[in-house]
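Trainee: I would like to go through this structure side chain by side chain. Please put the sequence and the model up before we start.

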Amino acid sequence: MARSGLAAAARVARWADTALGPGGDSATADGKATLSDATAERAALALGLTPAQVRADWDTARLAGLIEVHGDSARPGWRLRAWNRDDSAVLRGWVALCDAWSLAYPEPEEYEAAAVAEVVTAMPQVLSFLQLSAGPVPVPQLLDLLEQRVTELRTERCEVDYAPHSEAPGSDAGHPATPEAGAPEQHAAAPGNGTATPASDSEAGLRPDVPVQRARPAEPPVTDAPLDALLDWALRALASVGALTYGDGQATLTPLGSWAVWVKLEQICVAAQSPAGNIEQGAEDMLRGCGRLRPNAARAEYRAWLAARPVGSAVTELINAARGEDALLRGLAFEALRVVGAPAEPEVRTVLDEPTLRPYALLWLAEHDGADPEDAHEILTREEATWLWVDTAAAVADHGEAPLLVRHLESAVQPTVPALLTEVRAVGHPRTVQVLVALAAAHPDPALAKAVRRAAFQVHTGG
């Protein structure tokens with residue numbers, strides 16, 4: 001279903017990759033994402049479509065991440081590159097389109113933006129209800145649910161006055177309004193629409209014996225738009241991206257729409273079950289916390305952390321953490337990127353030219369392409385493998401115990417310790433001296449420890 005729904009968009013994206021890539025003609029006249037008239041006409045002629053169809057498919061391709069516009073050129077997104085070999089890339093593209101349903105189908109111009117935003121924010125709960133119903137739901141029932149949720153949103157925006165009042169005992173003045181009992185909770189927020197927070201003011205420095213005149217801030221102007229009209233627009237928009245069917249006074253989630261809602265709810269549950277409580281930390285602090293966990297628990301923490309943030313920014317955070325001086329974080333960052341999977345591939349490829357990250361990136365890409373993790377090291381050159389050995393030894397020296405460092409010797413690709421020392425000295429890792437000193441201190445063989453100390457001294461003095 002996802003492939004079928006995005007097939008036309010993928011076709012336009014492939015055409016744009018060939019015709020509008022770097023060095024080709026410009027995609028737009030003004031450097032924006034909207035196709036110029038000349039480009040739309042050209043694509044229509046090449047693909048046998050009308051310009052209007054080309055523009056619609058172009059917009060779908062952008063919302064689904066199949067094409068990316070950079071200035072006046074277009075390039076394929078990772079989902080298009082993985083289209084033929086990775087079903088998850090297709091599904092992620094459709095979910096991205098579904099998340100952007102309010103952009104894919106223009107909202108009614110006669111209503112205030114604030115009224116539209118309220119409906120967009122409330123629709124995830126409506127979709128959750130449809131998913132749980134597992135069948136057709138009458139529109140009046142959905143309208144009742146929408147009205148409840150919009151009322152809750154407006155209640156949440158109201159300022160609660162906690163200042164002392166002179167009302168008679170038993171008065172309810174000053175107490176916050178609460179949503180109607182039994183009203184459903186919001187499970188997810190629509191992308192790009194913030195939730196207003198209560199305003200607050202400070203009374204610091206005011207005399208307690210002077211009456212305070214507190215003005216309630218004006219709420220954002222919301223036209224008394226009939227919610228039935230906005231619900232009709234929302235359901236038509238979701239039907240246009242294939243999330244549901246809408247007609248005869250009822251709505252039903254498609255199998256694809258039901259799956260997408262289930263995935264969103266699962267992500268929320270995963271994010272709520274962060275086993276080590278690092279979900280709100282930055283990537284570096286999260287990885288440090290995972291350094292003390294067993295592999296399975298660490299992977300659960302990675303999944304929870306990733307579920308709580310956009311995949312693009314999460315991958316960037318992990319890559320930046322890997323660029324730091326702590327070798328342990330470098331290895332853990334790429335373990336977390338293994339949990340991310342295909343969406344991380346483009347950014348992992350961009351670090352192949354960085355000596356510090358290249359061995360990790362090569363191993364990641366080899367495993368991503370289907371290589372057995374135990375055989376993936378064969379893709380590394382001797383120099384890259386030696387560099388990785390030193391980097392891993394640095395992580396063990398900083399965070400592990402002496403016996404681990406001694407056992408790490410067995411993982412070296414060199415057949416003898418003298419050969420290892422020679423190649424370690426030549427590879428130029430910045431932590432070489434510290435690693436050799438730590439290894440000499442930990443090794444129980446006096447002769448070998450002496451040779452390692454001698455090598456550390458020679459590296460230190462440049463000999």
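Trainee: Is Arg-55 buried, partly exposed or exposed?

Mentor: Buried means under 20% relative accessible area and exposed means over 50%, with partly exposed in between (1.4 Å probe, protein chains only). Arg-55 has a relative accessible area of 24%. That value falls between the two cut-offs, so Arg-55 is partly exposed.

Trainee: What kind of model is this, and how are residues and side chains handled?

Mentor: Residues are numbered from 1 along each chain as its sequence is written, and side-chain values use heavy atoms, leaving out hydrogens and water. Local features need pLDDT of at least 70, side-chain atom pairs count only at pLDDT 80 or more, and totals for chains, interfaces and linings use all residues, because this model is predicted.

Trainee: Which residue forms a salt bridge with Arg-55?

Mentor: A salt bridge is a side-chain nitrogen of Lys or Arg within 4 Å of a carboxyl oxygen of Asp or Glu. For Arg-55 the closest N and O atoms of the pair are 2.6 Å apart. The partner is Asp-37.

Trainee: How many residues apart in sequence are the parts that Asp-37 and Arg-55 tie together?

Mentor: Helices (H or I, at least four residues) and strands (E, at least two) are DSSP runs, numbered from the N terminus. Asp-37, which is exposed at 56% relative accessible area, forms its salt bridge with Arg-55. Asp-37 lies in helix 2 (residues 37–47) and Arg-55 in helix 3 (residues 51–63), so the pair ties together parts whose separation in sequence, in residues, is 18.

Trainee: How many salt bridges does a search of the whole structure find?

Mentor: Side chains of opposite charge can pair when their charged atoms come close. Searching the whole structure gives a salt-bridge count of 19.

Trainee: Which residue forms a salt bridge with Glu-335?

Mentor: The closest N and O atoms of this pair are 3.3 Å apart. The two residues sit three apart in helix 14 (residues 327–340), separated by about one helical turn. Glu-335 is partly exposed at 33% relative accessibility, and its partner is partly exposed at 27%. That partner is Arg-338.

Trainee: Which residues are linked with Arg-85 in a network of salt bridges?

Mentor: Two of the residues meet in a salt bridge at 3.0 Å, N to O, and both lie in helix 15 (residues 345–350), four residues apart, about one turn of the helix. Glu-345 counts as buried at 10% relative accessibility, whereas Arg-349 is partly exposed at 40%. Linked with Arg-85 in the network are Glu-345 and Arg-349.

Trainee: How many aromatic pairs are there?

Mentor: Rings of Phe, Tyr and Trp (its six-membered ring) pair if their centres lie within 6.5 Å; planes under 30 degrees apart count as stacked, over 60 as edge-to-face and the rest as tilted. By this rule the number of aromatic pairs is two.

Trainee: Is the pair of Trp-101 and Trp-233 stacked or tilted?

Mentor: Trp-101 in helix 6 (residues 101–104) and Trp-233 in helix 9 (residues 227–240) are 132 residues apart, and both are buried. Their ring centres are 5.4 Å apart and the planes stand at 50°, so the pair is tilted.

Trainee: Which residue forms an aromatic pair with Phe-334?

Mentor: The pair is stacked, with 5.6 Å centre to centre and 25° between the planes. It links helix 14, where Phe-334 lies, to helix 16, 26 residues apart. Phe-334 is buried at 1% relative accessible area, and the partner is buried at 9%. The partner is Tyr-360.

Trainee: In which loop is Asp-248 found?

Mentor: Asp-248 has a positive phi of about 55° although it is not a glycine. Asp-248 is exposed, with a relative accessible area of 82%. Its loop runs between strand 4 (244–247) and strand 5 (250–253).

Trainee: What is the phi of Ala-134?

Mentor: Ala-134 is found in the loop between helix 7 (113–133) and strand 3 (137–138). At 68% relative accessibility, Ala-134 counts as exposed. Although Ala-134 is not a glycine, its phi is positive, at about 55°.
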